[in-house]
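Q: I'm new to reading protein models, and I'd love a close look at one part of this one. Could you walk me through it slowly and then show me how it fits with the rest?

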Amino acid sequence: MSLNCSQITARKTKPIPSNEERIKWWKEAKFGMFIHWGLYSVPAGEWKGEKARGYSEWIMHKKKIPVREYEQLTGQFNPVKFNAEEWVKLAKDAGMKYMVIGSKHHDGFAMYHSKVSPYNIVDATPFKRDPIKELAEACRKEGIKFGCYYSIDRDWHHPDAFCANQGEGNTWDYPDDSKKDFNKYLREKALPQVREILTQYGPIAIIWFDGVGTKTAEQNEEIIAMVRELQPYCLINSRLGDWKSFKWGDYRSMDDNEVADELLPYGWENPGTINKTYGYSKNDQKWKSTKKLIRMLVDIAGKGGNYLLNVGPTGEGVIPQPSVERLRAMGKWLEKNGESIYGTSGSPIGRLPWGRCTAKPGKLYLHVFDWPTDGKLEVPCPKEKVKKAYLLADKSVGLSIYFRKQDKATIAVPTKAPDEIDTVVVLEVRGNLEIKN
Ligand code: H79
């Protein structure tokens with residue numbers, strides 16, 4: 001395609017948005033839905049009558065299932081109960097503002113219509129529908145930002161996808177690592193597929209890369225340049241380089257289920273599970289309680305981060321009921337207390353012995369986990385900064401504040417916790433409290 005002069009000028013003068021511009025909505029959103037759904041949802045943590053422990057999406061690797069055998073799962077993958085609208089509405093009911101769904105996991109199977117490889121849900125299964133397309137449309141309709149996960153550094157289906165992390169590649173079908181040409185895999189599958197995702201479904205809010213360790217710095221730069229060119233506003237997570245550091249991308253993904261120890265001066269997220277596994281497993285019934293999940297969200301927000309909470313739908317396309325119940329309960333809590341989560345920054349007053357703190361200009365949201373039964377909530381806040389205090393769930397009742405020390409406010413609260421999971425007390429303050437992010 002040739003460009004005329006004005007098009008060239010337009011391209012040159014249109015600057016790529018800065019990280020700050022790209023990430024603004026995400027920093028406000030705080031809470032998103034992660035979805036792990038693929039061929040692995042069919043065996044659901046069990047292979048030939050034997051349980052496969054750990055992540056269900058790793059079953060191919062765990063049981064060393066030959067490619068030709070694993071491919072047979074395509075014939076059984078017909079998730080007729082899948083309903084994009086319902087999933088998006090559930091995310092919305094939970095108070096989530098965005099969604100990130102797997103377009104290809106380490107097993108190499110594309111969950112969208114790919115022209116690059118016939119090993120995809122439209123061409124290889126009786127289902128023949130494109131869930132990425134349906135979800136992208138439902139998200140747009142409901143005002144939920146839509147993102148895709150792509151395992152770029154692992155592919156157990158592709159003979160050239162060498163894995164530098166010893167033992168994490170497919171060495172049962174393709175044992176000779178010295179013959180593998182990672183760059184070939186990247187050029188003929190991964191990069192063209194990422195390009196498809198970024199061009200076939202309208203705006204992609206996040207491209208969530210996973211699987212680290214093999215790509216070179218040059219390859220990472222090339223990947224980022226491609227994303228920026230195709231979708232300048234698309235956020236890129238940090239999992240291009242290694243698990244722990246934040247060298248690449250727009251924000252830092254912590255390790256699976258990892259929470260930062262303290263307030264961090266940049267955007268970070270916890271990719272978390274509701275039970276233990278990401279993909280659906282019939283054997284994993286270790287569901288975190290609603291209380292634990294709400295407190296996780298608050299803990300994360302108090303450290304300036306985002307919670308990308310995972311669901312693992314079944315091979316029929318159903319989000320497990322225990323997940324649905326917990327997400328709805330989180331949504332109920334957020335309906336009352338959302339003001340203390342969305343658009344907040346982390347705690348400007350450090351750690352608190354009784355809970356967590358989030359903040360907006362002029363307001364501290366005190367999240368009380370351990371309620372003071374003597375009715376005295378102590379907050380490290382200097383006297384001259386304090387204006388007034390009240391319960392977020394009942395703004396009409398003012399709480400009195402007194403000082404025994406100049407820099408420690410004591411708020412008189414009811415002796416019984418109004419909300420056992422997390423009662424939010426708002427402390428209005430004047431001037432700047434060192435809000436750190
Ligand atoms: O998609 C989910 C995981 O499958 C993926 N990241 C999240 C979001 C992930 N890929 N690699 N890892 C996580 C880390 C690797 C962990 C391993 Fe293991 C430890 C591989 C082998 C030992 C966990 C335990 C997987 C198999 C056994």
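Leaving aside its neighbours within four places in sequence, which residues is I349 in contact with?

A: Happy to help! Keep in mind as we go that this is a predicted model. Leaving aside the neighbours within four places in sequence, I349 is in contact with C357, L364, L366, V379 and P380. Here, contact means heavy atoms within 4.5 Å.

Let's place I349 on the chain. I349 sits in the loop between α11, which covers 321–337, and β11. Its relative accessible area is 13%, and because buried means under 20%, I349 counts as buried.

Now look at the strands beside this loop. Strand β11 covers residues 355–360 and strand β12 covers residues 363–368; six bridges join the two, and they run antiparallel. Together β11 and β12 form a hairpin, with two residues between them. In the turn you can find G362, whose phi is positive, at about 85°. To see the pairing for yourself, pick R356: its bridge partner in β12 is H367. With these strand ranges in mind, go back to the contacts of I349, which include C357, L364 and L366. A useful rule when you look at such a pair: in a regular strand the side chains alternate between the two faces of the sheet.

Next, let's travel to another part of the model. The C-alpha atoms of I349 and W37 are separated by 40 Å, and the two residues are 312 apart along the chain. W37 is found in the loop between β1 (31–35) and β2 (46–47). With 2% relative accessibility, W37 counts as buried. Not counting residues up to four places away in sequence, W37 touches F77, P79, F82, W87, I101, M111, P131, P313, T314 and G317. One of these, P313, makes a nice example of how a chain folds back: W37 and P313 are 276 residues apart along the chain, yet their C-alpha atoms are separated by 6.0 Å.

Strand β1, at one end of the W37 loop, belongs to an open sheet of eight strands. The order is β7-β6-β5-β4-β1-β10-β9-β8, with parallel pairing. At the edges are β7 (235–236) and β8 (252–253), each of which pairs on one side only. Within this sheet, strand β9 (residues 268–272) and strand β10 (residues 305–311) run parallel and are joined by five bridges. If you want one pair to find on screen, N270 stands opposite Y307 in β10. Compare that with the hairpin from before, where β11 and β12 run antiparallel.

Between β8 and β9 there is a loop that holds N257. The phi of N257 is near 60°, a positive value in a residue other than glycine. That is worth a second look, because most residues other than glycine have a negative phi. N257 counts as partly exposed, at 29% relative accessibility. K64 is another such case: its phi is near 50°, also positive in a residue other than glycine. You will find K64 in the loop between α3 (59–62) and α4 (67–70), and with a relative accessible area of 40% K64 is partly exposed.

For a residue in a helix, try D123, which lies in α6 (residues 121–124). D123 counts as partly exposed, at 45% relative accessibility. Leaving aside the neighbours within four places in sequence, D123 is in contact with H113, S114 and P118. From C-alpha to C-alpha, D123 and H113 are 7.2 Å apart, and they are 10 residues apart in sequence.

Finally, let's zoom out. The protein chain has 11 helices and 18 strands, and 56% of its 437 residues count as buried. Along its principal axes, the C-alpha trace spans about 70 × 65 × 40 Å. The radius of gyration is 24 Å, which agrees with the value near 22 Å that a compact globule of 437 residues would have. Among contacts between residues at least 6 apart in sequence, 70% join residues at least 24 apart; the W37 and P313 pair, 276 residues apart, is a handy one to remember. The accessible surface comes to about 18900 Å², and 51% of that belongs to carbon and sulfur atoms. As for charge, the chain has 67 positive and 57 negative side chains, with the centres of the two sets lying 4 Å apart.

Conventions:
Residues numbered from 1 in each chain as written. Predicted model: local features only at pLDDT ≥ 70, side-chain atom pairs only at ≥ 80, totals over all residues. Heavy atoms only, no water. Helix = DSSP H or I, 4+ residues; strand = E, 2+ residues; numbered from the N terminus. Rg over C-alpha atoms; globule rule 2.2 N^0.38 Å. Buried < 20%, exposed > 50% of the residue type's maximum accessible area, 1.4 Å probe, protein only. Areas by Shrake-Rupley, 256 points an atom, 1.4 Å probe, with all protein chains shown as cover. Lys, Arg positive; Asp, Glu negative; His and termini not counted. Charge placed at Lys NZ, Arg CZ, Asp CG, Glu CD. Pairing = 2+ DSSP bridges.
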